[in-house]
Structures are given as C-alpha cells and as structure tokens.
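This walk-through goes from the overall make-up of the chain to its strand pairing, then to its core and two backbone details.

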Amino acid sequence: DEDENEYYVANRKPTKNVVLKAQWKDNTIVARINSTYYDTIAKAINAAATGDEIVLLTNRTENITINKEITLNLDNHKLTGTITNNSNGILTLLSGIVEYNNGTAVMNRGVLTVGSEDLKKNDGVEIKASSGSGISGVSSSYGKVIFNNGKITATSSSTVYGIYGTD
C-alpha cells in the first residue's frame with residue numbers, strides 16, 4: 001500500500017524524496033549482526049564476535065547452540081526450537097518468544113540472562129515448552145540464570161528444572 005508521502009519512480013529522476021521498500025526473496029534472510037545478514041541463526045552465531053547482538057528478522061524454526069558471549073534479540077519474533085547454552089556461553093535473550101514442543105526450550109550450562117535489567121524497556125522473553133522444561137540446568141555446577149523480565153511456561157514438566165546447589 002502506498003501512502004501519500006511515498007513515490008515509486010521508474011526511469012525518471014524523482015522530483016520529491018523517494019522511499020524504497022525491499023523484501024527479501026523467499027524469506028531467506030533471518031538474522032543480522034549490525035548490517036550483515038544471515039540465512040540461519042547458527043551462521044550468525046558462528047560469525048558473531050564476543051558481545052555482538054544478533055537480531056532475529058522473522059519467526060524461525062531452528063535449534064541453536066551458544067558457545068560465546070552474545071545477545072539474541074528476538075525483536076518480537078518467535079524462535080521455535082531448542083537453545084543450548086554451553087558452559088562457555090553467556091547468552092542474553094531479549095524481546096520475543098522461545099518455544100519448543102518436543103522437549104526443553106532452553107538447555108543452560110552457561111550464563112543465561114532473560115530480559116534486560118531496565119524493566120521500562122519491556123524486552124522480556126516468553127519461554128514455552130509443552131513436553132519438557134522451560135529452562136533446564138540451573139545450578140551451581142551447571143548454569144546460572146538471571147531472570148529480569150519475561151515468563152516461563154511448561155505444560156507437562158517443570159518450568160525450571162535442575163535447581164540445585166547453594167547459589
């Protein structure tokens with residue numbers, strides 16, 4: 001749909017400002033780091049440097065493994081699959097839904113932060129699992145979870161599994 005401030009010009013010089021709209025062919029681009037785009041979240045994770053923010057650009061079904069310090073900004077999209085945060089992973093999840101219907105949504109062995117400390121940002125994450133735990137592996141010998149903002153639901157198992165230790 002065009003609005004009155006957008007002009008589409010073919011073979012002539014525009015007389016007003018022009019707004020160009022682009023759409024990714026076949027929705028093959030799913031994530032970005034700054035201005036570099038990736039067709040899988042896994043490729044974005046592999047390319048990410050310590051501290052990078054990966055932004056999800058569409059709803060996506062993919063199982064991913066985190067092995068470094070990154071932020072995964074779901075940007076109000078849904079990631080269907082499981083996230084495995086390895087022991088050397090430091091993962092911050094922001095703004096969206098993580099859902100896995102065949103087991104645990106987030107397997108945590110590292111440090112997991114859900115939502116930012118600034119609750120005014122409204123960047124919480126809903127973690128949902130229908131046949132497993134929402135988050136698994138939360139203990140002094142496995143992983144650490146900092147839950148700032150969001151919701152965890154699991155319909156047939158525990159919402160958070162593996163709370164052990166003295167932390």
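The model is predicted. Its protein chain contains 1 helix and 15 strands. Of the 167 residues, 41% count as buried. The accessible surface of the chain comes to about 9800 Å², and carbon and sulfur atoms account for 44% of that area. Taking contacts between residues at least 6 apart in sequence, 41% join residues at least 24 apart.

A convenient place to begin is strand E6, which covers residues 69-80. Strand E3, residues 53-56, pairs with E6 in the parallel sense over 3 bridges. Within this pairing, Glu53 has Thr71 of E6 as its bridge partner. Strand E4, residues 60-61, also runs parallel to E6 and is joined to it by 2 bridges. Here Thr61 stands opposite Thr80 of E6. E6 is further joined to strand E8, residues 90-100, by 9 bridges, again in the parallel sense. In that pairing the bridge partner of Leu72 is Leu93 of E8.

Leu72 leads on to the interior. In soluble globular proteins, nonpolar side chains tend to be buried together. The largest nonpolar core of this model has 30 residues, and the members that touch the most others are Ile54, Leu72 and Ile83. Two or more residues of this core come from each of strand E1 (31-33), helix H1 (41-47), E3, strand E5 (64-66), E6, E8, strand E10 (111-114) and strand E11 (125-129).

What does Ile54 touch, leaving aside residues up to four places away in sequence? Its contacts are Ala31, Arg32 and Ile33, then Ala44, Ile45 and Ala48, and finally Ile70, Thr71, Leu72 and Asn73. Thr71, one of these contacts, is also the bridge partner of Glu53.

Two backbone details remain. Most residues other than glycine have a negative phi. Asn34 is not a glycine, yet its phi is positive, about 55°. Asn34 lies in the loop between E1 and strand E2 (36-38). With a relative accessible area of 59%, Asn34 is exposed, because the cut-off for that class is over 50%.

Asp75 likewise has a positive phi in a residue other than glycine, with a value near 50°. Its place, however, is in strand E6, the strand that pairs with E3. Is Asp75 buried, exposed or partly exposed? Its relative accessible area is 36%, so Asp75 counts as partly exposed.

Methods: Residues numbered from 1 in each chain as written. Predicted model: local features only at pLDDT ≥ 70, side-chain atom pairs only at ≥ 80, totals over all residues. Heavy atoms only, no water. Pairing = 2+ DSSP bridges. Helix = DSSP H or I, 4+ residues; strand = E, 2+ residues; numbered from the N terminus. Core = buried A, V, L, I, M, F, W, Y, C linked by side-chain atoms within 4.5 Å. Buried < 20%, exposed > 50% of the residue type's maximum accessible area, 1.4 Å probe, protein only. Contact = heavy atoms within 4.5 Å. Areas by Shrake-Rupley, 256 points an atom, 1.4 Å probe, with all protein chains shown as cover.
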